[in-house]
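Let's take a walk through this model, one stretch at a time. Have the chain open in your viewer and follow along.

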Amino acid sequence: MSLNQTLNEKVVPVVMKFVNLKGVQALKDGVLYTLPLNIIGSIFLLIACFPIPAVTDFFTATFGAAWNDPLFKVKDATMGIMALVSVTGMAYVYAKNEGIEPFAPSALSLSVFVLLTNNFVMFSPAKDAAPVAVSGVLPTNVLDGKGMVAAIIISLLVASSYCSLVKRNITIKMPEGVPQGVVNAFSALIPATIILIAADVVYAICKFAFNSSLLDIIYKVLQVPLQGASDSLPGVILIAFSVPFLWFFGIHGGATIGGVVTGLLNANTADNALLQKAGTLDIAHGAHIVTMQFYDNFINMAGSGHTLGFAILMVLFAKSAQYKQLGRLALPANLCNINEPILFGTPIVMNPIMGVPFILTPVINATLLYLAIASEVLAPMGATMPPWTVPPIFSGFIIGGPSYAIAQALFLVIGLVVYFPFFKKVDAMAYADEVAAQHHGEGAQV
């Protein structure tokens, strides 16, 4: 059995089975509800922490030292509630995919999330004073990045339990003619009661047995190690490899891997946002290297596989009419990080020649970027998240100024170099086929 046959028969079915899991689908689509809030919040944070001191000094002198407080408030109200939005969004998508009215389990997931969170914070009234507990409040740090893994677990457990109870008809039945809104409310009553009782038991166990909350336990036991793994060089190589590798077999690598790592990378970005707000965004203060921007704008720069270099090569150097025309058609979309025309038009999917640079280029560039940030040649990325359709170089400038724009330009050149010999091979093959077809047509006419 050939390697290609083995991968198609053994690997692809396993991957597709994982991709189609109900929880993975809910995770992938539910977290997307945070995207507009993250983009808007990052813009306000960028203005509040503008990287040019002369600008911030001008605003401070004009409007006072607290001029950026309203901007931070927008950041807190968008990026700062990432876990809350995720826990409702994932439960909503899960129930919707199951054919269950989705709002009730979505609201129930939010209720359980709040129930399992501490309702106090520790506060020190003076620098050297012992901290005291202030009750009646929610710790804001678990509402964003720190609560992401807990949000994923809670939403999927609540949504799956709720759907299971409803499908087993463990609900209150209402007579015909009752308005649908009333039916939905009473249908949710018994499942919600069962789930909230179970959640309250968990809360009591964590409080009295471990003197903690479930969210804090999940954060320490699961999220910290997972964020560390995602923020390592082996982790970033695995992510950069997996996206184009899955695409090679026709599986949407960006959606698949994004569904798995988005929660962790958003948490990394949220941590960096706090450091940026405090003015301590550097490796020495624990800044993360691999953030959501690292994934969106560098691992998937110009689309999975860094195909922009390939598109430019086709436009400039293709001898075959096929690739010359494909390059012209695909380049505008590829500049905006849309490269499906190239993936299926070349094709790159299931093409052993083009699969090599397609997988290799993002791995090389992601490794170089990780090492550049780790060695402090580049500063860690803050919280500014440009929309995914912003072209390379422009998105780099938005994320980190000229240094990141130059980095993206360099990675584009590396992509051109890596793709070039493989482009020459497939272009020569296509040109030879076109010449042969032309000669065959002329011979047939004679």
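S232 caps the N-terminal end of helix α11, with a side-chain oxygen 3.1 Å from the backbone nitrogen of G235. Bear in mind that this is a predicted model. The helix itself covers residues 233-248, and its length checks out: at 1.5 Å a residue, its 16 residues should span 22 Å, and the end C-alpha atoms sit 23 Å apart, which agrees. Now look at which side chains are tucked away. G235, the residue whose backbone nitrogen faces the cap, is buried, and so are V236, I239, A240, S242, V243, P244, L246, W247 and F248. After α11 comes G250, whose phi is positive, near 85°.

Next, head back towards the start of the chain and find G23, which belongs to helix α2 (residues 22-30). Is G23 buried or exposed? Neither, quite: its relative accessible area is 22%, so it counts as partly exposed, given that buried means under 20%. Leaving out residues up to four places away in sequence, G23 touches Y94 and L156. P13, ten residues from G23 in sequence, is 18 Å away from it, C-alpha to C-alpha.

Finally, the record. UniProt, in an unreviewed entry, puts the feature "transmembrane region" at several spans, including 77-95, 107-126, 146-165 and 298-318. Two of these are worth a look in the model. Residues 107-126 come out as 45% helix and 20% strand, with end C-alpha atoms 39 Å apart. Residues 298-318 are 57% helix and 0% strand, and there the end C-alpha atoms lie 26 Å apart.

Key
Residues numbered from 1 in each chain as written. Predicted model: local features only at pLDDT ≥ 70, side-chain atom pairs only at ≥ 80, totals over all residues. Heavy atoms only, no water. UniProt positions renumbered as here; feature names shortened; annotations may be inferred. Helix = DSSP H or I, 4+ residues; strand = E, 2+ residues; numbered from the N terminus. Buried < 20%, exposed > 50% of the residue type's maximum accessible area, 1.4 Å probe, protein only. Contact = heavy atoms within 4.5 Å. Expected span 1.5 Å × (residues − 1). Polar contact = N/O pair within 3.5 Å; in protein donor to acceptor, adjacent residues only side chain to side chain.
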